[in-house]
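Please load the model in your viewer and keep the selection panel at hand. The stops below are meant to be followed in order.

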Amino acid sequence: MAEINQNQNIQQEDSGSSVTFKDLVGMVWNYKWWYVLSVAVCLVFGALYLYRTPSVYQRTAKVIINEGSQDAIMRDLSVFTGGSFGKGSGENVDNEVEAFSSPDLMKLVVERLGLQTRYVEHQPLRSKELYSTTPVELKIVEGAPQSSFSFRLEKVKDSILVLSRFTVGPDELKADRVVGRPGDTLSTPVGKLILSPTIHFDSWDRTMTVSWVNSMGMAKVYCRNLSASVSGKQTSVIVLSIDDLFPDRAESILSTLIDVYNETWIHDKNRSARNTTAFINERLVVIEQELGGIENSLKQFKEDNKLTDIQLASEAYLKESTDYSTKAFEVNNQLSIAQYIRNYMTDPSHSKDLIPANSGLTNTEVESQIKEYNELVLTRDRLLAASSEKNPLILDMNSSLNAMKTTIIRSIDNLIAAFELQADKLASQEEQIMGRIAASSGTEMELLSIERQQKVKESLYIYLLQQREENEIAGLVNVGNTRLIMTPNGSSYPVSPNKLMIVFVALVLGIGIPFAAVYMLRVLDTTVGRRADLASVAAPFLGEIPLLNNGKRKSLLGKFNKAYRYDNRNCRIMVKSGNRDVINEAFRVLRTNMDMMTGRGAKGHTVLATSLSPNAGKTFVLMNIAAGMALKGSRTLLMDLDLRKATLSKTLEMNDTGVAAWLSEKSDDYRSNIRKVSENLYLLPVGSLPPNPAELLSSERFPALMEDLKKEYDYIFVDCPPVEIVADTYIVSQYVDLSLFIIRAGVFDKHALPVLDQLYTGGRLKRMALVLNGVEVFNSRYGHYGYGYGYGYGYGGGK
């Protein structure tokens, strides 16, 4: 009893953990070939994935934004030329990052590199894109769709090209095949095309798909693979990275993108100079016409009046008049420029254009305001190229531009008013001088007026020519906004797919899938599988018998295959002398535990074996525990009291006449019906199956029979029917010393465990003890003994 109590304590301790380390080892080792197969299959799928997935390479370039360098060049030139170049501000690096990511900028790159066409070769189990090894090059002559098209291309004998399966966008066209030779103009459903051969044309022998997408569509594709970011908070370095299937194409895209960006930046920067030049050219044309008219008038006047040089005659008056004329010219010139700028700004057709700068205004405040307004317009236009009018930043900048324009117009109005006052004052003073000259000859006065107009126009013409040259120089010194500090380069190894990661994932899945399947099947299994599952039952645990399957390993679902578990071909006596296998050792342990419960030395120990339902293996357990008792020299009797099926008698093939005849008073000597099974082991069979088993067991002859047998045998093992079906077992239980309740692992449902508690606490079975039958080796405590338990066992308990 001490050992049984110790076993119960161990059982209570083990019940706290549903899965032990030994269970996990068993879940792996017992299905190791499934793990090997799963890993192999996952590795094959991983290799197939690597084969089908094209390698992607990454190329990176770094550029630095030249903040302020342009302003230094302009200041140096202003010293050299004597012009007045404004003082600029640095570029916003974050805005330039957005500019690099613009699809419009990438569209120019796609068009320059000719990336609208893709060539995909169809190889076994995969499709591979070609770039530098394309066998043909597509040229669209006319009639191409606006969005995209594609077709299947193959080469047949004599280098004949066959075009088929034409698609426009997502729709496939119902059109016949087009046949032609390389270099010919082919009329196809998608337009007139030319397929020019390359140096790889002769070695090409596979079918391929040629697809064309418009520039903006391909630009969006490449923009998704492009990454532009600032390398740090305190730097103006932009890092450009792009992922592509071909390293050469990635490097070409980055290099061209930087060139296109610089060209676009210079073009935007020169917009102000171009507008100023256009304004000066317009004024030069007008002044040139006016100057030509004055010179003709002067020539005609002198010819008519036969005049030569009257300068000496009116030198004194002319000198004073010239001074006032010079001042009047400057004032009128400034007034004319200011009025033109105001008319230009208030013209609705120029509402979003740049204001002409470097126009010759001497007022530095207005010039500074115009330059600040033009820089803000350029910044807004660059942002607008990568965004829309509804962008909050664009709206805010538009508001700022409107406010600045209003301020500039107000300043120009003030300036015009001041110039008009000065012009009126100078005109009044000039009239006084002219009054003095009027005293001289009228002819001299008229000549003087014509010459004065000529000098004014000449001075204005020369001034505008100088301003135009300065403007042209300012446009020529504009250079790129970036400086390349790292050419496009990258590793020769692809960034995806990650081969090591794919292999690792394949190994994890190969191990995890079967483990998860075994674990889930174990979790979903509601049957008793090991002694820890019986921890909630108060009845003592006597022992466990391992599973037997004739040395054959089970499949992954074998433990849930009831047809396999109910196989009764192994329902025979396994315990034999000198046999040391796991099944013999298990029954020896069970025999020892039972001796401790029944007591040693006494005679006539009676043990009953039953179960809750059929197929628990009670007949197998009873036969082998009895055989174990016989091996140690005890006189042992197997008594078959399953009067409804006679499972024990039929299993041992000794069922002619037996206890049923004696109980029904058809036989007077039960001893003549006892059969010898082996040395010290005997059997009292059922015989003919009676119609009233319960009445026979309740008769007076049955207790007398039990008393006689106890006197003749050391151990009497009684095989009874399941308690769930009939009441025969409860009748027999009154005359036994110990009741063995056989539980079949993998069959007995855990929901029926409260029934065992009721049987034990209710005392319906005398001295009830539990025996767990059919335990898998890795769930059994016998796994520690080292008797070669890797074979596993399986048997049935009878029909």
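The tour visits a sheet, a helix beside that sheet, an aromatic pair and a helix crossing. Please bear in mind throughout that the model is predicted.

**Stop 1: the sheet**

Select β12, β13, β1 and β14; in that order, these four strands form an open sheet with antiparallel pairing. Which strands stand at the edges? They are β12 (226-230) and β14 (482-489); each has a single partner strand, so one side of each is left without a neighbour in the sheet. Direction ignored, neighbouring strands of this sheet are turned against each other by 15 degrees on average.

**Stop 2: the pairings of β13**

Now restrict the view to β12 and β13. These strands form a hairpin, with six residues between them. Their antiparallel pairing extends over five bridges. Display Val230 to locate one point of this pairing: its bridge partner in β13 is Ile238.

Next, replace β12 by β1. How many bridges join β1 (residues 57-65) to β13 (residues 237-244)? There are eight, and the two strands run antiparallel. Selecting Ile64 shows this residue opposite Val237 in β13.

When side chains are switched on, a general point helps in reading the view: in a regular strand they alternate between the two faces of the sheet.

**Stop 3: the helix across the sheet**

Restore the whole sheet and add residues 247-269. This is helix α8, which lies across β1, β12, β13 and β14. Relative to β1, helix α8 runs at about 20 degrees.

**Stop 4: an aromatic pair**

The structure holds 14 aromatic pairs. For one of them, select Phe279 and Tyr340: the pair is tilted, with 4.0 Å centre to centre and 35 degrees between the planes. Phe279 belongs to helix α9 (residues 271-305) and Tyr340 to helix α10 (residues 315-346), so the pair ties together parts that are 61 residues apart in sequence.

**Stop 5: a helix crossing**

Finally, select residues 21-29, helix α2, and residues 499-524, helix α14. The axes of these helices come within 10 Å and cross at roughly 120 degrees. That angle makes α2 oblique to α14, and the crossing is right-handed.

Which residues meet here? From α2, display Asp23, Leu24, Met27 and Val28; from α14, display Phe515, Val518, Tyr519 and Arg522, which they meet. The residues of this contact divide into six nonpolar and two charged, with no polar ones.

Notes:
Residues numbered from 1 in each chain as written. Predicted model: local features only at pLDDT ≥ 70, side-chain atom pairs only at ≥ 80, totals over all residues. Heavy atoms only, no water. Axes fitted to C-alpha atoms, helices over the stretch in contact; angles between N-to-C directions. Parallel < 35°, antiparallel > 145°, perpendicular 65-115°, else oblique. Left-handed = near helix turned anticlockwise from the far one by under 90°. Contact = heavy atoms within 4.5 Å. Nonpolar A, V, L, I, M, F, W, Y, C, P; charged D, E, K, R; others polar. Pairing = 2+ DSSP bridges. Phe/Tyr/Trp six-rings, centres within 6.5 Å; stacked < 30°, edge-to-face > 60°.
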